[in-house]
Amino acid sequence: MYKTPELKVRLQSLGVSLPQMDKGRKGGAGPAAGKSLIFSGTVANVPTQSTFVSESPFSISFDDGRYWIAEKGNKLTKVEFPKIPHFYEKQTSDGVPMKKIALLHGASCLASTVCQKCVYYGTKNACSFCGIELSLLSGDTIAEKTPEQLSEVAIAAKDEGIVNHVTLTSGTQSGPDKGLGKMVAAANAIKDATGMPVQVQIEPFKDLSLLDDLPSGGVDSIGIHIESLDEKALALNAPIKAKIGLPSFISMWNKAAEVLGENQVESFVIAGMGEDIKKSLQNMEKMVRAGAYPFIVPLRPIPGTKLQHERPPSPEKMIPYLEKASEIVHDGGLSWKKSKAGCLRCRACSPLPDFEK
Ligand code: SF4
């Protein structure tokens, strides 16, 4: 029998087949092409749609009136799925289906991509792993969500009692703030309407004084995602972020931690893009010293992206990496438990919170 952190890693590396069930969203920002499972005191977003999933030993079975995670047909542990929200059937007052505005992520996070277009998408500067505009092409969302639409959905979701925090991401926008102004306007509207804590996710920009306005703009936490802590892997997979460079990320993480407080800054670190683990861990120490939590996520090869034929890293690679990363996080005094909002509080996409001591 696996311990919970190891089972989460195995499920995220190998995927789980869901016979005759909804397999989750196909595209969009973040780790799409997956579904959230709630089991053994944790929540995991696991791949369900990529081709490699058909070879996974893991599946969901139904027995004794409930669902189980099974390995090669043998039941391992009980599993539940987040309820399908009622607001998915509702519309905003301007007639847009609410499920095109925001979705339930993990067990209790309301998530929206404020701007579904990215200035790099479809260009040579696009990130190789990202499928942000796929859900726009499929008609599952709209290009830009207004603060009014987002606050209406947040009220509906909160009133149902299914969410207690919010994350807002975005494709990078043109202009010196890379889209921060739109994110803060959305956060402010949601905070005013519901009081829920809100995270925004943004690419680094030059004028760090823009971060000073986050607390008064309704923002509680921030994601500033470097994606890889190995320069070579970063240059190959996220050329713009490689050009920004680790020192600029460190400056922005430091400033954000100063403005929003300890444990309110995180950065996605994708594992499985050919990175040197030793180098990544060395840079992770610098990252944690700058106040940012390394939200390690195994590569999610999303159908329709450049990396669609890749595979997530194996559990054998992930487990020692996560054990070392958990020591770095512990020594730096960071913990997912202290995060107020967003991906770190949700933790469905990263097994690192489960490895914390
Ligand atoms: S960790 Fe972030 S991207 Fe993943 S399910 Fe939770 S809110 Fe969504």
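Here are some questions and answers about the sheets, hairpins and charges in this predicted model.

Me: Let's start with the sheet of 3 strands: in what order do they come?
Reply: Follow the pairings one at a time. S3 and S4 run antiparallel and are joined by 6 bridges. S4 also pairs with S5 (residues 74–78), again in the antiparallel sense, over 4 bridges. Put together, the open sheet has the order S3-S4-S5.

Me: And which are the edge strands there?
Reply: The sheet is an open one with antiparallel pairing. An edge strand pairs on one side only, and that fits S3 and S5.

Me: By how much are neighbouring strands of this sheet turned against each other on average?
Reply: Here you ignore the direction of the strands and take the average over neighbours in the S3-S4-S5 sheet. That gives 45°.

Me: Zooming in on S3 and S4, which residue in S4 stands opposite Ser61?
Reply: S4 covers residues 66–71, so to speak the stretch to search. One bridge pair to spot on the way is Asp63 with Arg66. For Ser61, the residue standing opposite is Trp68.

Me: Which residue takes a positive phi in the hairpin of S4 and S5?
Reply: Warm up with the hairpin of S3 and S4: it has 2 residues between the strands, and Asp64 takes a positive phi near 55°. The hairpin of S4 and S5 also has 2 residues between its strands. There, with a phi near 50°, the residue is Lys72.

Me: Now the sheet of 7 strands: which strands stand at its edges?
Reply: This open sheet has mixed pairing and the order S6-S7-S8-S9-S10-S11-S12. The strands at the edges each have a single partner strand, so one side of each is left without a neighbour in the sheet. They are S6 (103–105) and S12 (293–298).

Me: In which sense do S10 and S11 pair, parallel or antiparallel?
Reply: Find S10 at residues 221–223 and S11 at residues 265–271, with 2 bridges between them. Ile222 stands opposite Val265 in S11. The sense of this pairing is parallel.

Me: How many residues apart in sequence are the parts that Glu55 and Arg311 tie together?
Reply: The structure holds 13 salt bridges, and Glu55 forms one of them with Arg311. Their closest N and O atoms are 2.6 Å apart. Glu55 lies in the loop between S2 and S3, while Arg311 lies in the loop between S12 and H9, so the parts they tie together are far along the chain from each other: 256 residues.

Me: Last one: which helix gives the most to the negative patch?
Reply: The negative surface patch is formed by Glu285, Glu323, Glu327 and Asp331. Glu327, for one, is found in helix H9. With 3 residues, the helix that gives the most is H9 (residues 315–331).

Definitions and conventions
Residues are numbered from 1 along each chain as its sequence is written. This is a predicted model: local features need pLDDT of at least 70, side-chain atom pairs count only at pLDDT 80 or more; totals for chains, interfaces and linings use all residues. Side-chain values use heavy atoms; hydrogens and water are left out. Two strands pair if DSSP finds at least two bridges between them. Patches are made of residues with over 30% relative accessible area and no salt bridge: like charges are joined within 9 Å, nonpolar side chains (Val, Leu, Ile, Met, Phe, Trp, Tyr) within 5 Å. Accessible areas come from the Shrake-Rupley method with a 1.4 Å probe; for residues, only the protein chains shown count as cover. A salt bridge is a side-chain nitrogen of Lys or Arg within 4 Å of a carboxyl oxygen of Asp or Glu. Lys and Arg count as positive and Asp and Glu as negative; His and the chain ends are not counted. The place of a charge is taken as NZ of Lys, CZ of Arg, CG of Asp or CD of Glu. Axes are lines fitted to C-alpha atoms, for helices over the stretch in contact, and angles run from 0 to 180 degrees between N-to-C directions.
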